[in-house]
Amino acid sequence: MQQYEEAGRRLDYYAGQALLAKQNEVLLAGRLAVSQATFTDLLRNNQQRLTYASGAYGALVERCTAAALMKKLAGQSAD
């Protein structure tokens, strides 16, 4: 149960961070248009967004694994 809840917290965290990175990407694109940011800044932000997305997928896998384990344990205790 603890793994399931922790994975849920991580999933929320990574989803929130990915959203912030996406919003930052929009701001950086605007700054790039007026030469206040570099293309490298935009690429770094995109890399960060992908890192958060990867973390979110990892947390989702862990949450699903924990849910499956809880179901299995619940089925075994009912026998």
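Me: What makes the Glu25 and Arg49 side chains a salt bridge?

Reply: In this predicted model, the side chains of Glu25 and Arg49 come to 2.9 Å, N to O. The cut-off is a side-chain nitrogen of Lys or Arg within 4 Å of a carboxyl oxygen of Asp or Glu, so the pair qualifies.

Me: And what does that pair tie together?

Reply: Glu25 lies in helix α1 and Arg49 in helix α2, so the bridge joins parts that are 24 residues apart in sequence.

Me: Why is the Glu25–Arg49 pair called a polar contact too?

Reply: The two side chains are 2.9 Å apart, and the limit for a pair of N or O atoms is within 3.5 Å, so the distance fits.

Me: Why is Glu25 called buried?

Reply: Its relative accessible area is 18%. Buried means under 20%, so Glu25 makes the cut. Arg49 has 23%, which puts it in the partly exposed class.

Me: Which residues does Glu25 touch, leaving out those up to four places away in sequence?

Reply: Leu42, Asn45, Asn46 and Arg49. As for Glu25 itself, it sits in helix α1, residues 2-33, where the buried residues also include Ala21 and Leu28.

Me: How do you know that the span of α1 is close to what's expected?

Reply: With 32 residues at 1.5 Å a residue, the expected span is 46 Å, and the helix reaches 47 Å from its first C-alpha to its last. Just after α1, Ser35 takes a positive phi of about 60 degrees.

Me: How many salt bridges are there by this rule?

Reply: Four. One of them joins Glu6 and Arg9, with the closest N and O atoms 3.1 Å apart. These two are three residues apart in helix α1, which means a separation of about one helical turn.

Me: Why do Glu6 and Arg9 count as partly exposed?

Reply: Glu6 has 37% relative accessibility and Arg9 has 47%. Under 20% would be buried and over 50% exposed, so both fall in between.

Me: What makes Arg44 and Asp41 a salt bridge?

Reply: Their closest N and O atoms are 3.9 Å apart. The rule asks for within 4 Å, so the pair counts. Both residues lie in helix α2, three residues apart, about one turn of the helix.

Me: Is Arg44 buried or exposed, and why?

Reply: Exposed: its relative accessibility is 56%, and the line is drawn at over 50%. Asp41, at 28%, is partly exposed.

Me: On to the rings. Why is the Tyr13–Tyr14 pair called edge-to-face?

Reply: There are two aromatic pairs by this rule. In this one, Tyr13 and Tyr14 are 5.3 Å centre to centre, with 65 degrees between the planes. Pairing needs centres within 6.5 Å and edge-to-face needs planes over 60 degrees apart, so both conditions are met.

Me: What is the Tyr14–Tyr52 pair called, and why?

Reply: It's tilted. The ring centres are 6.4 Å apart, so they pair under the 6.5 Å limit, and the planes are at 40 degrees, which is neither under 30 (stacked) nor over 60 (edge-to-face). This pair links distant parts of the chain: Tyr14 is in helix α1 and Tyr52 is in helix α2 (residues 39-78), 38 residues apart.

Me: How do the classes of Tyr14 and Tyr52 come out, buried or partly exposed?

Reply: Tyr14 has 21% relative accessibility and counts as partly exposed, while Tyr52 has 15% and counts as buried. The cut-off for buried is under 20%, so the two land on opposite sides of it. Ring pairs link Tyr13, Tyr14 and Tyr52 into a cluster.

Methods. Residues numbered from 1 in each chain as written. Predicted model: local features only at pLDDT ≥ 70, side-chain atom pairs only at ≥ 80, totals over all residues. Heavy atoms only, no water. Helix = DSSP H or I, 4+ residues; strand = E, 2+ residues; numbered from the N terminus. Buried < 20%, exposed > 50% of the residue type's maximum accessible area, 1.4 Å probe, protein only. Polar contact = N/O pair within 3.5 Å; in protein donor to acceptor, adjacent residues only side chain to side chain. Contact = heavy atoms within 4.5 Å. Expected span 1.5 Å × (residues − 1). Phe/Tyr/Trp six-rings, centres within 6.5 Å; stacked < 30°, edge-to-face > 60°.
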